[in-house]
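Reader: I would like a close look at a single part of this model, taken slowly and with the cut-offs spelled out. Please begin once the structure is in view.

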Amino acid sequence: MSKHKRKQLEIPTTLSKKDLAADKWISQSEAARIRGVTPQAIENLMKKGRFRTLSIGGRVLLDRREVENYKAKRTGRPRKGKHSTG
C-alpha cells in the first residue's frame, strides 16, 4: 500500500429493513437534481459529512430525506447591516 493512500474509516452500521427501502436512498445525480446543484457540489457536501451515505457495490447512495431537508449554512464574512440615513 502506498504511503500516500488515504485511509478510510469503516464504521459498522446495522440497518433495518425500513432503512433499506428502495425509495429512501437516491443517487448522487438524483440528489443534485433535487437540490438544483451540480453532482460535484453534492460530492463536496458528502466529503464534509453533511449527508449519510450508503455504499453498495461501489455505488454511493444518499438518504433522500436528508437531501430534501438540507439547509445550507452561510459561509464567508457576514453582511454589514443597513445604515439608516435620518
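What follows is one request about a strand and one connected answer.

Reader: Could you take me through strand β3 (residues 59–63), and say which strands it is joined to and which residues Leu 61 and Asp 63 are in contact with?

Author: A word on the basis comes before the strand itself. This is a predicted model, in which local features need pLDDT of at least 70 and side-chain atom pairs count only at pLDDT 80 or more, while totals for chains, interfaces and linings use all residues. Residues are numbered from 1 along each chain as its sequence is written, and side-chain values use heavy atoms, with hydrogens and water left out.

The setting is a protein chain with three helices and three strands, which follow one another along the sequence as β-α-α-β-β-α. Helices here are DSSP runs of H or I with at least four residues, strands are DSSP runs of E with at least two, and both are numbered from the N terminus. Of the 86 residues, 19% count as buried, where buried means under 20% relative accessible area, exposed means over 50%, and partly exposed lies in between (1.4 Å probe, protein chains only).

Strand β3 has pairing on record with two strands, pairing being called when DSSP finds at least two bridges between them. With β1 (residues 25–27) it runs antiparallel, joined by three bridges, and Leu 62 of β3 stands opposite Ile 26. With β2 (residues 53–56) it also runs antiparallel, here through four bridges; Leu 54 stands opposite Leu 61, and Ile 56 has Arg 59 as its bridge partner. The strands β2 and β3 form a hairpin with two residues between them, and in that turn Gly 57 has a positive phi of about 60°.

Within β3, Leu 61 is buried, with a relative accessible area of 15%. Leaving aside neighbours within four places in sequence, Leu 61 is in contact (heavy atoms within 4.5 Å) with Trp 25, Ile 26 and Ser 27, and also with Arg 52, Thr 53, Leu 54 and Ile 56. The C-alpha atoms of Leu 61 and Lys 24 are separated by 9.4 Å, although these residues are 37 apart along the chain. Across the chain, among contacts between residues at least 6 apart in sequence, 50% join residues at least 24 apart.

Asp 63, also placed in β3, counts as buried at 3% relative accessibility. Its side chain is joined to that of Arg 52 by a polar contact of 2.5 Å, a polar contact being a pair of N or O atoms within 3.5 Å; within protein, one must be able to donate a hydrogen and the other to accept it, and residues adjacent in sequence count only if both atoms are side-chain atoms. Beyond its neighbours within four places in sequence, Asp 63 is in contact with Arg 52, Lys 24 and Trp 25.

On the β1 side, Ser 27 is a buried residue too, at 16% relative accessibility. Leaving aside neighbours within four places in sequence, Ser 27 is in contact with Arg 59, Val 60, Leu 61 and Leu 62. The side chain of Ser 27 makes a polar contact of 3.2 Å with that of Ser 29, and it reaches the backbone nitrogen of Glu 30 at 3.1 Å.

Leu 62 leads from the strand into the largest nonpolar core, 10 residues made up of Leu 62 with Ile 26, Ala 31, Ala 32, Ile 42, Leu 45, Met 46, Phe 51, Val 67 and Tyr 70. Such a core is a set of buried Ala, Val, Leu, Ile, Met, Phe, Trp, Tyr and Cys residues joined through side-chain atoms within 4.5 Å. Helices α1 (28–35) and α2 (39–47) each supply at least two residues of this core, and α2 gives the most, with three. Val 67, one of the core residues, is in contact with Leu 62 and Ile 26, among others, once neighbours within four places in sequence are left aside.

In α2, Ile 42, Leu 45 and Met 46 are buried. Seen down the axis of α2, the buried residues fall within an arc of 105°, so they line one face of the helix; the arc is that of the directions from the helix axis to the C-beta atoms. These buried residues pack against β3, as well as against α1 and β2, whereas the face turned away from the buried side carries the exposed residues Gln 40 and Lys 47.
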